[in-house]
Amino acid sequence: MLIELNVANFRSFRQTQRLQMTAGPSSDLREQNSFAPPVPGLPCLLRSAVIYGPNASGKSNLIMALFFMKQFVLSSAKGQEGEPIAITPFLFNQEGTTKPSEFEVIFVVDGVRYQYGFAANQERVTNEWLLAYPQGRSQRWFERVYNPDTRQDDWYFGSKFSGRKKIWQEATRSNALFLSAAIQLNNEQLKPVFYWFHHLVIIRHQDFLSPMFSMLQCRTEQGRNRILEFMNTADLSIDGIKCESREFSEDELPEAMPQDLKNKILNDMQGKKSISVTFGHQISGTDQMAWLPLAEESDGTRKLFAYAGPWIDGLSQGRVFFVDELDNSLHPYMVRFLLRLMHNADTNKNNAQLIFTTHDTSILDQKIMRRDQIWFMEKDKQNASSLYPLSDFRPRKNEALAKGYLQGRYGALPYIGEVGF
């Protein structure tokens with residue numbers, strides 16, 4: 001479960017931007033929209049947070065920051081010395097291009113709070129640290145700081161961090177993370193931290209949300225029933241789901257696809273089976289059903305089906321979701337449906353969390369979201385993004401938030417100028 005995300009000097013973020021998932025003192029929707037973490041001394045955490053702002057304000061960059069952090073943690077140890085780090089600092093002033101980008105997350109896993117972060121430029125990791133808080137007491141497990149005078153890293157290992165520290169240190173390249181290298185060499189103590197990143201679900205705007213995970217769930221009767229219940233709870237009137245596996249055929253590829261690409265896919269899929277899903281719809285006045293392949297269903301139905309498998313799995317596993325433009329191809333009521341699953345302690349027993357961006361102002365409703373769950377993003381005159389919570393404005397308890405937002409009361413609106421042709 002996520003407590004806090006901090007990002008600095010990354011893409012449109014110049015100064016440190018902080019997203020906090022801690023609940024404020026308000027009693028509004030406390031039982032539905034927040035939960036007590038399994039760690040003594042911590043405040044309640046929020047089940048969800050939403051971020052509003054105009055296009056190009058930096059909302060997607062916040063999700064990109066955590067996506068970069070996850071990929072770097074999972075894969076940096078697999079690269080080669082000298083390979084550039086695919087990182088983009090704030091480019092609209094000279095200071096940004098000379099300073100490293102910084103990332104930090106504070107989270108809870110297996111009943112322990114962790115604080116992990118690193119700083120890096122395109123050449124090397126300049127700083128990396130991990131603090132753990134078992135029984136609420138701070139333990140600094142490790143830290144590395146690049147020393148430009150010696151052109152070497154200075155290392156610190158705490159007494160509570162055990163194992164082959166010297167071997168893991170020597171195996172860590174300048175352009176890789178110690179966390180990643182130590183995991184590659186079978187460090188057991190760091191596995192909860194590593195797997196927290198591994199279990200993150202991040203859906204960026206440019207990503208195609210594949211229905212494959214949901215399709216795979218439909219191979220069993222139990223999986224089909226769970227997907228069917230999920231879809232019908234959203235009032236999509238689907239009466240049955242069929243799932244078939246068959247040998248992959250060239251006929252399944254688009255006719256317009258270049259032949260060399262077709263040949264590559266056919267070679268990759270040789271001997272493998274493809275999965276197809278069809279939805280049954282009751283024919284009025286009969287006991288028969290019409291079966292439609294997924295491709296012939298509406299955009300909204302296909303999108304919700306693609307979400308169904310990950311959403312069911314994420315709720316059961318207590319995953320943290322970051323979703324860019326959750327409302328894309330979904331009716332506002334479908335977005336509310338997904339939120340209700342997150343905010344319901346019966347369907348979200350393991351305290352999954354959702355952080356998402358949207359332009360759907362119908363969610364700006366104090367019957368749906370607490371005031372501390374709502375955030376805004378906007379850019380200043382130097383093109384630097386700022387993230388700030390609605391609670392900074394101290395809105396009244398019954399204030400019409402959507403109306404206030406569209407009237408510019410909270411900022412984070414696009415400036416629309418006059419067009420002269």
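**Briefing: helix packing, cores and selected residues**

Helix α2 passes helix α6 in a left-handed crossing. The model is predicted. Its largest nonpolar core has 57 residues, and another core, of 52 residues, lies apart from it. Valine 277, asparagine 186 and alanine 412 are also covered below.

**The α2–α6 pair**

- Two packed helices are described by the angle between their axes and the distance between the axes.
- For α2 and α6, the packing angle is about 130 degrees and the axes are 9 Å apart.
- An angle from 115 to 145 degrees counts as oblique, so α2 and α6 are oblique to each other.
- On the α2 side, Met69, Lys70, Val73 and Leu74 make the contact. On the α6 side, Phe194, Phe197 and His198 do so.
- By class, the residues of this contact are five nonpolar, one polar and one charged.
- Helix α6 spans residues 191-198.

**Nonpolar cores**

- In soluble globular proteins, nonpolar side chains tend to be buried together.
- Within the 57-residue core, Tyr116, Leu190 and Phe322 have the most contacts.
- Helix α2, residues 59-75, gives this core its largest share, 10 residues.
- The separate core of 52 residues includes Leu330, Leu339, Leu364 and Tyr405.

**Valine 277**

- Valine 277 sits in strand β13, which covers residues 273-282.
- Its relative accessible area is 4%. The cut-off for buried is under 20%, so valine 277 is buried.
- Beyond neighbours within four places in sequence, valine 277 contacts Met215, Ile241, Lys242, Cys243, Leu292, Pro293, Leu294 and Phe305.
- Leucine 91 is 186 residues away from valine 277 along the chain. The C-alpha atoms of the two are separated by 46 Å.

**Positive phi outside glycine**

- Most residues other than glycine have a negative phi.
- Asparagine 186 has a positive phi, near 65 degrees. The residue lies in the loop between α5 (178-184) and α6.
- Asparagine 186 has 59% relative accessibility. Exposed means over 50%, so asparagine 186 counts as exposed.
- Alanine 412 also has a positive phi, of about 60 degrees, and is not a glycine. Its place is in the segment after α12 (401-406).
- Alanine 412 has a relative accessible area of 1% and is therefore buried.

How values were computed
Residues are numbered from 1 along each chain as its sequence is written. This is a predicted model: local features need pLDDT of at least 70, side-chain atom pairs count only at pLDDT 80 or more; totals for chains, interfaces and linings use all residues. Side-chain values use heavy atoms; hydrogens and water are left out. A nonpolar core is a set of buried Ala, Val, Leu, Ile, Met, Phe, Trp, Tyr and Cys residues joined through side-chain atoms within 4.5 Å. Buried means under 20% relative accessible area, exposed over 50%, partly exposed in between (1.4 Å probe, protein chains only). Helices (H or I, at least four residues) and strands (E, at least two) are DSSP runs, numbered from the N terminus. Axes are lines fitted to C-alpha atoms, for helices over the stretch in contact, and angles run from 0 to 180 degrees between N-to-C directions. Angles under 35 degrees count as roughly parallel, over 145 as roughly antiparallel, 65 to 115 as roughly perpendicular and the rest as oblique. A crossing is left-handed if the near helix is turned anticlockwise from the far one by less than a right angle, and right-handed if clockwise. Contact means heavy atoms within 4.5 Å. Ala, Val, Leu, Ile, Met, Phe, Trp, Tyr, Cys and Pro count as nonpolar, Asp, Glu, Lys and Arg as charged, and the others, Gly among them, as polar.
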